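I'm opening a fresh notebook page for a structure I haven't looked at before. Short entries, in the order I looked things up.

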Protein chains: 4
Amino acid sequence: MDFAVPEPIQATLNEIREFLDAHVLPVEALFRDHEMPPVEAAMREVRAKAKARGLWLPQLSKRHGGMGLSLLEHGLVSEVLGRSPLGNWALNCQAPDAGNMEILAEYGTREQRERFLDPLIAGDTRSCFAMTEPDKAGSNPVWLGTAARREGDELVLDGHKWFTSGADGAAFAIVMAVTEPEGPPHKRASMIIVPTDTPGYTLVRNISVMGDVGGGWASHAEVRFEGCRVPAANMLGFPGAGFLIAQARLGPGRIHHCMRWLGICERAFDMMCQRAATRELAPGKFLGEKQTIQNWIAESRVEIDSARLAVLHAAWRIDAVGQKAARVEVSGIKFHVAKVLRNVLERSIQTHGALGITDDTVLSFFYRHERGAQIYDGADEVHKTVVARELLERYGLNLRSRGTK
Amino acid sequence: MDFAVPEPIQATLNEIREFLDAHVLPVEALFRDHEMPPVEAAMREVRAKAKARGLWLPQLSKRHGGMGLSLLEHGLVSEVLGRSPLGNWALNCQAPDAGNMEILAEYGTREQRERFLDPLIAGDTRSCFAMTEPDKAGSNPVWLGTAARREGDELVLDGHKWFTSGADGAAFAIVMAVTEPEGPPHKRASMIIVPTDTPGYTLVRNISVMGDVGGGWASHAEVRFEGCRVPAANMLGFPGAGFLIAQARLGPGRIHHCMRWLGICERAFDMMCQRAATRELAPGKFLGEKQTIQNWIAESRVEIDSARLAVLHAAWRIDAVGQKAARVEVSGIKFHVAKVLRNVLERSIQTHGALGITDDTVLSFFYRHERGAQIYDGADEVHKTVVARELLERYGLNLRSRGTK
Amino acid sequence: MDFAVPEPIQATLNEIREFLDAHVLPVEALFRDHEMPPVEAAMREVRAKAKARGLWLPQLSKRHGGMGLSLLEHGLVSEVLGRSPLGNWALNCQAPDAGNMEILAEYGTREQRERFLDPLIAGDTRSCFAMTEPDKAGSNPVWLGTAARREGDELVLDGHKWFTSGADGAAFAIVMAVTEPEGPPHKRASMIIVPTDTPGYTLVRNISVMGDVGGGWASHAEVRFEGCRVPAANMLGFPGAGFLIAQARLGPGRIHHCMRWLGICERAFDMMCQRAATRELAPGKFLGEKQTIQNWIAESRVEIDSARLAVLHAAWRIDAVGQKAARVEVSGIKFHVAKVLRNVLERSIQTHGALGITDDTVLSFFYRHERGAQIYDGADEVHKTVVARELLERYGLNLRSRGTK
Amino acid sequence: MDFAVPEPIQATLNEIREFLDAHVLPVEALFRDHEMPPVEAAMREVRAKAKARGLWLPQLSKRHGGMGLSLLEHGLVSEVLGRSPLGNWALNCQAPDAGNMEILAEYGTREQRERFLDPLIAGDTRSCFAMTEPDKAGSNPVWLGTAARREGDELVLDGHKWFTSGADGAAFAIVMAVTEPEGPPHKRASMIIVPTDTPGYTLVRNISVMGDVGGGWASHAEVRFEGCRVPAANMLGFPGAGFLIAQARLGPGRIHHCMRWLGICERAFDMMCQRAATRELAPGKFLGEKQTIQNWIAESRVEIDSARLAVLHAAWRIDAVGQKAARVEVSGIKFHVAKVLRNVLERSIQTHGALGITDDTVLSFFYRHERGAQIYDGADEVHKTVVARELLERYGLNLRSRGTK
């Protein structure tokens, strides 16, 4: 066993961290003012610089112009980027574009790739991913109300989605819709590319989430498809392949979420220590002298460190044996790191006192927008059931056949 | 022992609850849109109705036009009002005006009462309370940077405050400022009434708190006093009486906070049960069938109920023996109920899934704006030390002389 | 609402507390040595004194020679007695005799009462209650393997029980056994009195529980019934009444458990404060100066106080509206107080350091023998489901018909 | 980074595990009966077998007849051994002998090694380590009441120790005693070898710990030194070297404790899953179908896995950079793994219901005897302060000079 981060990737991590400190963190103050246009202007410059330095597309292979990293290496990059809400965007690996690029690279036809993937890679466009539906439980991903029926050479979509992140300003959406209603549950849906200027596609609103309506990349939309027609050639992979494709993204996606959350943890931890070491309770008497604060610092440190090792181990397992064999590890870190994130944010905010609940620091942003960490991409409760189901099967209890209750 | 709520106050509680459901809850949707003017217009009508029915000023004696309730009775009213962020405002007992009215009624001269209290009582003006300072730890209330020096018949204020809630649009501020710098620590500051149109008084900004800049009553301002002159007659009570006056408000104020939080708990609990009973995970299969959700419902129920009894008991103790003798109970409920509030909000949000983090329900508002419950009016950590100090003294350990560490 | 404990019962509580301090606590040291005979000798004297003073049988009406208390009053007595593991025994209200006496007083025929109840009341004999079975889940009380078939004027029992507390030395057992196998689930079992000298009754062993095999009253036995014949007249109530009778005891029994646990909490809390105030970390530097210890003291205080109010409220509800209408409250306190008990014991032990894990104090006894508080008389998980089921029914979701999962 | 366990050590781990299953676990039932002689007889045979296979002394270098493992490798062995309370004893690496052997091998003179170390290595004798004192706080290890004054060629010891584990039957004690009272705090004490047949040495009692008085190796004694004379040549290292020597053992000792606890976790986890998969709640309805149980399994799995990685990482750091540089990691895992241990034991016991609190399974033993994990070798609270102190120093706050409060 060897816990050392290899030299080459360590050098890259250092470079990214310095880049963030120098160019991205200064933009955060604009971002916290809730106005997107100035942020977008500033980020255009930042992204151009990142691209010029080759700090671009850590999620893609070199063949597609990416950095060509292993999953474990990419995970380490995700952690560094996570320190800022703008980190992933700076290197063009922000959700949901990063995942969409991976899907298009893997499953797209040459035509689909040229039209939709290349501008994403270049950083010239954005995209969105429309899966979640307001009327259907996210814990039951095969239960979809959105359908696409074939009419000649076209697919006609009807349905209602929300939490379609980044739809505001996106060039196209990848939409999960039922195309094979008679198929077995996991083979009913397909992924379909829908340009956002297609008639019948409506962005109803940017949903106000935890106090922010947001805008552009930083938004979560409600969208409707009403008789929305796209060429049948806009389907990704074969009919009914929707879940197959989605699942291929899940394991790596969770590694990135978890490592990003750990980057947030490190940021919040750093702020907590800084505050403890400098905030005076009385002249010459520092907050960090309080044992309660010391407890929080110590507990946070070991929670973060052990969680990071668990995520890196899961990434190493996926790299080694594939995500199916690593299902217990992947679901385990998903809910565990989300909890560590909550713990650390809580403590850091409390250490900051009244300042901690203002938007004068980045803590409030993380606190609000990462409340969803326990919900999106599989609620904690769902992942726990997945882990238990896998493990109990090894003891002879088959929960799949019994339903999970 | 008798746990029954007496008939007359129960009837009042029922009336207030119905009033809220009929008139206040419908305004919440406007409020969640982050725009104050339409909210203020709607609330003007609501308040007029409340006043007409005599549902007005539960915090004041009948002599001052209030409802003339005991602390325990007022606590029960606070709980009902807490169900909506707009509840207290509707009955003209919103912070910080409620406390300011109590101070003016108790300590104001006739002239002060006529000029400042009467319009508050009528609901025609608002006020604010400027105590917290950004550079000084709130856990050390005797360490103030704001001072008021006497020059002839005037007091000249210089200082920097923040979290001056409701300053936006307030007619006057009650300001805590050092006037007797040579006095013993708890007798250095005085409370001074400063009309907000006084030269030298500046509202720097409404602080963005947890994503909301807010406005009007629903705002928290940063304010500066620079050579700000008011008549010496604007002092409340005698020079150096600031803390004495502040402390008289503390016990009852905490009862109201705690009961309001329990009102929030009830609202969130009700939404959680409603969701559990109606949200389908698959056709005919309900969220409430999940044991995890059942655990949350059961744990929340008993946490809320036992916390409420503890708060009512503390109110009963204050009514019976005074707030000094009830110090352990009052500090105890302050941090305990804040924790119950967090637990219940967390569970209700998680039960709502993605909906829970949107601003489509009131949960996000409570989650964001009551994160401060663990901080304002004495951070959890401070109250715990107070309780332990009082109790350990009974065992012969005097922590006051040793400092609390 | 009135939280004052009425004078007369307060005087009784004070008397019992003084009696415990003077006579019962000194016997604890013997008890911790794991040898029962000297404990039994000492307690014989203590019990005689208690009886002489009229501190005897708080669970029975005056008609049966008891103290004639309301449930709420008895609860307050249970708390005082809970301070010592020997407290209930001293006043002849120890489990399971107390419950057996209540059953016999309520459901026994005159003959049954004379033969079995009177010696219990006098304190001359002990009894046990055989319900739990090792092969059947306690969460499913209607699933029993023990059966009693009628043969002429006799009932012939066959079955296997464990956790038959106090069987060692008991004069008789009240046994839950299926007598109406064709009846509806809740009407299959009856309660049958089985003298322990009946052939076919075997006390297999005293089970070692958390390190203690125990003996006499302080033991938990495994017992077997093999062709064990008793007169049919030994049945309590009508055939199939077993659960009906058992349920009548449940609500009050839980009040007593909870109040006893709170008595344990008070004892552990008192020891924690005493230790904090006197243990030196360095000369003149006391453990109680540490903020972590202060946090534990403060958190424990409010947890105990609010839990006590919840239990007293539940007792008041049972007195007022009956235990069926108070089901949410009763199940709620059962798991809630068990948790508070764990919290307080953990903190008190940790405050005592190495001493806390020795048997030199009573803490280890409580820690070990009250681990079962989360299990016996309905596991936490079962009670949470009961609470949720009752509450969700009010929102239109009927979990009873769906099974609880 | 590479998380794979290298082949050779994996083969050793497998062999040890099989050895435990075949030979050690069957002895546990005897051990749970609280009688040591039959256990000692059985273990004599088991140890002879282990020694014959070369599964002996994992803590020592090959030069001393040990297995010659790195700290990380030894850690992995400790985990496997931890599955049974008798595991370490089987391979002759039980505390406190393992540590005493390391001290004697490192600091002993040839004469000391021949007389005291060689029989330990052979497994023919046992030893004990007398450091903790009942009257002095363990959190302040430089505050000792036991002293040894030089008289001619002899050292005369006077003092009072407890938690001298394994003193019952030990051939000698290594005693920490003040020899240089005028030295700086950390250089006052020395380690002195005291044969247990020395006049003036008294084993007062085996302390009853969590219900067990124990005996032989499995005991914790109170001992007194009263004018106890040993040759001055019995001192280990130079005068005042006591803490220096003790500290050299601390880091590795904590790795072993933590890995042993993780072995306990694995045992308890395995039992929990086994129970969940096979215990019926009703015919054909299994405990593992309950979501609460599933949550416990999932949470335990990820807590154990991430904690193990943190411990292995700490061991790797000690191997790589030394224990001083790894202080944050070492103190971090000490309190973190103790908490995971508690969590997993709690859940496994609760899953077992009534069976879980009996001594019919090994869970009760672990639950009782590892309550001390949060206390011995540095209480949680102390380790948290150590971590915070180290970290805050990096932010410019020096807590050492201020005392930790």
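**Entry 1: a hairpin in chain C.** I began with two strands of chain C, S2(C) and S3(C), which make a hairpin with 2 residues between them. I checked the turn, and C:Gly152 there has a positive phi of about 60°. A reminder to myself: this is a predicted model, so I'm reading a prediction throughout.

Next I looked up how the two arms are held together. S2 covers residues 147–151 of chain C and S3 covers residues 154–165, and the two run antiparallel, joined by 5 bridges. For one pair I noted names: C:Ala147 has C:Asp158 in S3(C) as its bridge partner.

**Entry 2: what else does S3(C) pair with?** I found strand S7 of chain C, residues 220–231, which pairs with S3(C) in the antiparallel sense over 9 bridges. Here I wrote down C:Leu155, which stands opposite C:Val230 in S7(C). So S3(C) pairs with S2(C) through 5 bridges and with S7(C) through 9. A general note for the margin: side chains in a regular strand alternate between the two faces of the sheet.

**Entry 3: domains of chain A.** I switched to chain A and looked up its division: domain 1 is 7–108, domain 2 is 127–236 and domain 3 is 243–394. I took the first two and checked their spacing; their centres, over C-alpha atoms, are separated by 26 Å. Where they touch, domain 1 of chain A puts in 13 residues and domain 2 of chain A puts in 12.

Which elements supply the domain 1 side? Helix H2 (36–52) and helix H5 (97–107) of chain A are the ones giving two or more residues. H5(A) gives the most, with 5 residues. By class, I noted 6 nonpolar, 5 polar and 2 charged residues on that side of domain 1 of chain A.

**Entry 4: a record for chain A.** I looked in UniProt too. An unreviewed entry there places "domain: Acyl-CoA dehydrogenase/oxidase C-terminal" at residues 240–392 of chain A. In the model, that span is 77% helix and 3% strand, and its end C-alpha atoms lie 30 Å apart.

**Entry 5: where chain D touches chain C.** The count here is 35 residues from chain D and 35 residues from chain C. On the chain D side, I listed the elements that each supply at least two residues: strand S9 (280–282), helix H9 (327–352), helix H10 (354–357) and helix H11 (363–369). S9(D) has the largest share, 3 residues. By class, that side of chain D divides into 13 nonpolar, 13 polar and 9 charged residues.

**Entry 6: how the copies are related.** I tried chain D on chain A: a turn of 180° and a shift of 0.0 Å along the axis lays one on the other with an RMSD of 0.0 Å. That is the relation of a two-fold axis. I also saw that 100% of the interface residues of chain D are interface residues in chain A as well, so the copies meet through the same surface.

Then chain D on chain C: a rotation of 180° with 0.0 Å of shift along its axis superposes them, again at RMSD 0.0 Å. Which residue of chain D comes closest to that rotation axis? I found D:Gly211, at 2.6 Å by C-alpha. Here too, 100% of the interface residues of chain D are also interface residues in chain C, so these copies meet through the same surface.

Technical notes: Residues are numbered from 1 along each chain as its sequence is written. Chains are lettered from A and ligands numbered from 1 in the order in which they are written. This is a predicted model: local features need pLDDT of at least 70, side-chain atom pairs count only at pLDDT 80 or more; totals for chains, interfaces and linings use all residues. UniProt positions are given in the numbering used here, feature names are shortened, and annotations may be inferred rather than shown by experiment. Helices (H or I, at least four residues) and strands (E, at least two) are DSSP runs, numbered from the N terminus. Two residues are in contact if their C-beta atoms, placed from the backbone, lie within 7 Å. Ala, Val, Leu, Ile, Met, Phe, Trp, Tyr, Cys and Pro count as nonpolar, Asp, Glu, Lys and Arg as charged, and the others, Gly among them, as polar. Copies are superposed by least squares on the C-alpha atoms of residues with pLDDT of at least 70 in both. Two strands pair if DSSP finds at least two bridges between them. Domain bounds come from an automatic or database domain assignment.
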